[in-house]
Each structure stands twice: as C-alpha cells, then as structure tokens.
Amino acid sequence: MKITYYGHASLGIQVNDVHILVDPFISANPKASHINIETLKADYILLTHAHQDHILDVEAIAKRTNAIIISNFEIVSHFENMGIEGHPMNHGGSWDFEFGTLKYVVAIHTSSFPDGKYGGQPGGFVIEGEHKNIYIAGDTALTFDMKLIPMHTKLDLAILPIGDNFTMGTEDAIIASDFVKCDKVLGYHFDTFGYIEIDHEEAKRKFFEKNKDLMLLEIGESLEL
Ligand code: NI
Ligand code: MN
C-alpha cells in the first residue's frame with residue numbers, strides 16, 4: 001500500500017493497481033500548487049464529509065476519471081445528481097471493494113455542503129487492504145468510539161488530524177493513537193490556513209516522548225506500508 005499526501009486532508013492511496021483519492025482539496029490550496037489535479041489517478045474517491053476543504057476538486061476529478069464516490073448517503077446522492085457514480089454507506093457498515101474491505105466509522109464533527117445543504121453525518125474510514133490496514137480519521141474530535149476500531153482491525157497506520165481548532169490537536173491525537181492501538185501516525189489537516197498552523201518539531205517530539213512515531217509528509221511525498 002502506497003500513501004501520498006496531497007496537502008490538507010487530501011490523500012492518494014494505491015493498493016496494487018487500484019487508485020483511491022481521499023478528500024481532494026488541492027486546486028485552491030496554495031501550499032499544493034505543484035500538484036496538478038488533471039494528472040491524478042482515481043478509481044475511487046472517498047469523502048469523509050461535505051465541507052469545502054474536503055470536496056472542492058471532486059467534481060473535476062470524478063468527471064475526468066469516472067471514479068466512484070464512496071461516502072455517506074447524502075454526499076453520494078449529491079454527486080449522483082451531477083451524474084457521478086457513487087457507493088453510499090453509513091456508519092458501522094462495511095463493504096468489500098476490489099482494494100479491500102472498507103468500513104465507514106464515526107467522527108465527531110459537522111458536515112454541511114458549501115451552500116449550507118445538509119451533508120449527512122461526518123465519518124472516517126478503516127481500510128483493510130491485502131496486507132495492511134489503515135484508519136483515516138477524517139475531521140474529528142477525540143472520541144471513545146475510536147476504541148471500537150482495534151476490536152475489529154489491527155492497524156498498521158492511523159491517519160489523524162493534528163491541526164487543532166477544527167479537529168483534534170496533537171495531544172488528543174496521541175490519546176487517539178492509544179485508543180486505536182496504533183503507534184504509527186501520519187498527521188494531516190494542519191498548516192493549510194492560520195487556524196491550524198502547528199510547530200512540526202514540537203508535535204513530533206510530543207509523540208516521540210510517548211514512544212510513538214508521528215510522520216509529517218511533504219505535499220506530494222509518499223510512504224510505503
Ligand atoms: Ni470539516
Ligand atoms: Mn476540514
């Protein structure tokens with residue numbers, strides 16, 4: 001499994017030959033100006049919630065690639081009305097896709113579309129790939145629901161928001177990593193705008209002091225699991 005960071009909460013995940021994009025918000029992110037959405041591959045687009053900083057580039061990418069949107073019922077319906085194919089899910093449900101088993105899990109946040117329309121309840125995803133399992137928390141507060149995840153899945157990586165203000169900050173992300181029983185964390189949802197700027201070295205040190213590994217990728221950089 002190869003994971004590429006496209007800035008903010010945008011990820012590319014490659015499992016064998018299948019390309020998954022998560023929460024594409026790239027074209028309006030000045031920190032990601034070197035990423036061209038016209039060249040991104042996508043067979044599936046996973047959306048955690050309907051906020052603009054998670055769905056901005058969905059229409060352009062999905063119409064070019066014919067990617068299938070996977071999200072909650074309300075978000076999938078929204079994109080189906082634009083002629084984009086989708087697979088609706090809701091919290092607690094799992095489905096076997098060609099890239100592995102995907103579960104839509106609880107996140108504590110809000111989820112309205114940019115025009116104020118209801119975007120369903122926000123979520124996160126657990127992907128059980130062929131050999132590796134990951135948790136993509138989405139925008140969320142720390143929540144006890146995270147403790148349910150390791151009852152089903154032994155994680156190899158937890159992707160957690162660390163920018164604070166709109167989501168968990170570093171200290172709660174450390175507790176989240178205990179809850180999901182995964183000491184290897186990729187941080188996301190930080191630095192994009194003023195409210196969520198963080199001190200990278202301090203964040204990494206706080207994880208290190210708890211014998212945990214916080215990885216922060218450059219935009220466009222990948223890690224291999
Ligand atoms: Ni949000
Ligand atoms: Mn967000």
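In the predicted model, the donor residues of the nickel ion (ligand 1) follow the sequence spacing H-x1-H-x57-H-x29-D. These protein donors are His-49 through NE2, His-51 through ND1, His-109 through NE2 and Asp-139 through OD, and they lie 2.2 to 2.4 Å from the nickel ion (ligand 1). The angles among the four donor atoms range from 87 to 178°, and the site is irregular. His-51 belongs to the loop between strand 4 (44-46) and helix 1 (52-55), whereas His-109 belongs to the loop between strand 8 (100-106) and strand 9 (123-128); the pair therefore ties together parts that are 58 residues apart in sequence. With a relative accessible area of 17%, His-51 falls under the 20% cut-off and is therefore buried.

A second metal, the manganese ion (ligand 2), is coordinated at 2.1 to 2.2 Å. Its donors are Asp-53 (OD), His-54 (NE2), Asp-139 (OD) and His-189 (NE2). Along the chain, the donors of the manganese ion (ligand 2) are arranged with the spacing D-H-x84-D-x49-H. Asp-53 and His-54 are both buried.

The two sites are connected through a shared residue. Asp-139 coordinates both the manganese ion (ligand 2) and the nickel ion (ligand 1), and thus appears as a donor in the nickel spacing as well as in the list of manganese donors. The two ions bridged by Asp-139 are 3.1 Å apart.

Notes:
Residues are numbered from 1 along each chain as its sequence is written. Chains are lettered from A and ligands numbered from 1 in the order in which they are written. This is a predicted model: local features need pLDDT of at least 70, side-chain atom pairs count only at pLDDT 80 or more; totals for chains, interfaces and linings use all residues. Side-chain values use heavy atoms; hydrogens and water are left out. Donors are N, O and S atoms within 2.8 Å of the metal (3.2 Å for Na, K and Ca); water is not among the atoms, so sites may look incomplete. Buried means under 20% relative accessible area, exposed over 50%, partly exposed in between (1.4 Å probe, protein chains only). Four donors count as tetrahedral if all angles lie between 85 and 135 degrees; four count as square planar and six as octahedral if opposite donors are over 155 degrees apart and all others between 65 and 115; anything else is irregular. Helices (H or I, at least four residues) and strands (E, at least two) are DSSP runs, numbered from the N terminus.
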